[in-house]
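Hello,

Here is the structure I promised to pass on to you. Have a look at it first, and then read my notes below.

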Amino acid sequence: MKITILTLFPSMFEPFRTESIIKRAIQNQIVEVDVVDIRDFSLDKHRHVDDTPYGGGAGMVIRVDVLDRAIKSVRNENSKVLLMTPQGRRYDQKLAEEFSKLDDIVIVCGHYEGFDERVLNYVDEEISIGDYVLTGGELAAMVVADSVIRLQKGATKDESHEDDSFSTGLLEYPQFTRPPLYDGFSVPEVLINGNHAKIREYRLYESLKKTYIRRPDLIEKYDLTPEMNKMLEKIKKEI
Ligand code: ADE
């Protein structure tokens, strides 16, 4: 898979590309991450990429011709071109899974006050990572790239993402490691005594409980098995 990021701030992606799982995925050629400077597509001798808005108002607007040239220089017939904007479709794990199957993703990061609306003619989809406004699309692009790269085969040691929060439709069960007792807080007995059936049951119960308390909207969407329904009755009495 190839991910190309179009940005006015390429250096923001250096730490993203050179640490941990993403670094390893690039080294192992699981993913190629190219970062392209939008400023290289300015025709202006001062490398300007923005201009004042028609109709007046504060701030500057990124020019459509500059963005179009930048996108054309990197896209091919297989590319999916995403524009990061708070006005876009809300990003979630399901979309991460969908994007993780693509061969070529181009992510365009906006900055400053915004971009000329006509850029929408040159992208496939607008994506938002949440209902808040960032100073630019760079962090949002990293969120999308990171969540997509970790789903690539071989990117992480744990090949199965079945237990990830949201992948199952529920939040993930709690995890523990040594020491078994710390500052009066102990690891649940069932995890130490290693009965696989009991551990599975405990994890499912805790996953349901956490989801019911924190994200009841996810439970409503979930097609609960009879076992889960029974657990949920117990959880409702317990809390
Ligand atoms: N750019 C600024 N805010 C954003 C957001 N919430 N999601 C995606 N891109 C953005």
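**What surrounds the ligand**

A nitrogen atom of the ligand sits 2.8 Å from a polar backbone atom of Tyr-132. Please keep in mind as you read that this is a predicted model.

Two other residues make backbone contacts of this kind. A nitrogen atom of the ligand is 3.0 Å from a backbone N or O atom of Leu-134, and a nitrogen atom of the ligand is 3.2 Å from a backbone N or O atom of Thr-85. On its own the ligand has 260 Å² of accessible area, and the protein covers 96% of that.

The shell around the ligand counts 13 residues, and those that come nearest are Thr-85, Ile-129, Gly-130, Tyr-132 and Leu-134. Sorted by class, eight residues of the shell are nonpolar, five are polar and none is charged. Which strands supply at least two residues each to this shell? They are E5, residues 80–90, and E7, residues 125–128. The greatest share comes from E5, which gives three residues.

**Thr-85, a good place to start**

If you want one residue to click on, try Thr-85, which belongs to strand E5. Is Thr-85 buried or exposed? Its relative accessibility is 8%, so Thr-85 counts as buried, the cut-off being under 20%. While the backbone of Thr-85 faces a ligand nitrogen at 3.2 Å, its side chain has a contact of its own: a polar atom there lies 3.0 Å from the backbone nitrogen of Gln-87.

**The strands and how they pair**

Strand E5 has parallel partners that are easy to trace. Five bridges link E5 with E6 in the parallel sense. Within this pairing, Leu-83 is opposite Val-108 of E6, and Met-84 is opposite Cys-109 of E6. To get from E5 to E6, the chain passes through helix H4, residues 93–100, in a β-α-β crossover that is right-handed.

E5 also runs parallel to E7, again with five bridges joining the two. One of the residue pairs to look for here is Arg-90 with its bridge partner Ser-128 in E7.

E6 in turn pairs with strand E1, residues 2–7, and these two are parallel over five bridges. In that pairing, Ile-5 has Ile-107 of E6 as its bridge partner.

Strand E6 deserves a look for another reason. It spans residues 104–109, and six of its six residues are buried. In a regular strand, side chains alternate between the two faces of the sheet. In E6, Asp-104, Val-106 and Val-108 point one way, while Ile-105, Ile-107 and Cys-109 point the other way, and all of them are buried.

**Some backbone details**

Where is the cis peptide bond? It joins Arg-178 and Pro-179, with omega at about 5°. Pro-179 is part of the loop that runs between helix H5, residues 138–149, and strand E8, residues 181–182.

You will also come across Ser-20, which has a positive phi of about 55° although it is not a glycine. Ser-20 is in helix H2, residues 20–27. Its relative accessible area is 53%, so Ser-20 is exposed, given a cut-off of over 50%.

Asp-183 is not a glycine either, and its phi is positive at about 55°. You will find Asp-183 in the loop between E8 and strand E9, residues 185–186. With 63% relative accessibility, Asp-183 counts as exposed.

**One last residue**

Finally, turn to Arg-200, which lies in helix H7, residues 196–214. Arg-200 counts as partly exposed because its relative accessibility is 46%, a value between the 20% and 50% cut-offs. For a sense of distance, compare its position with that of Gln-29: the two are 171 residues apart in sequence, and their C-alpha atoms are 35 Å apart in space.

A simple route for a first visit would be to begin at the ligand, go on to Thr-85 in E5, and then follow the chain through H4 into E6.

Best wishes

Key: Residues numbered from 1 in each chain as written. Predicted model: local features only at pLDDT ≥ 70, side-chain atom pairs only at ≥ 80, totals over all residues. Heavy atoms only, no water. Near = heavy atom within 4 Å. Polar contact = N/O pair within 3.5 Å; in protein donor to acceptor, adjacent residues only side chain to side chain. Areas by Shrake-Rupley, 256 points an atom, 1.4 Å probe, with all protein chains shown as cover. Helix = DSSP H or I, 4+ residues; strand = E, 2+ residues; numbered from the N terminus. Nonpolar A, V, L, I, M, F, W, Y, C, P; charged D, E, K, R; others polar. Buried < 20%, exposed > 50% of the residue type's maximum accessible area, 1.4 Å probe, protein only. Pairing = 2+ DSSP bridges. Right-handed = clockwise from strand over helix to strand, strands pointing away.
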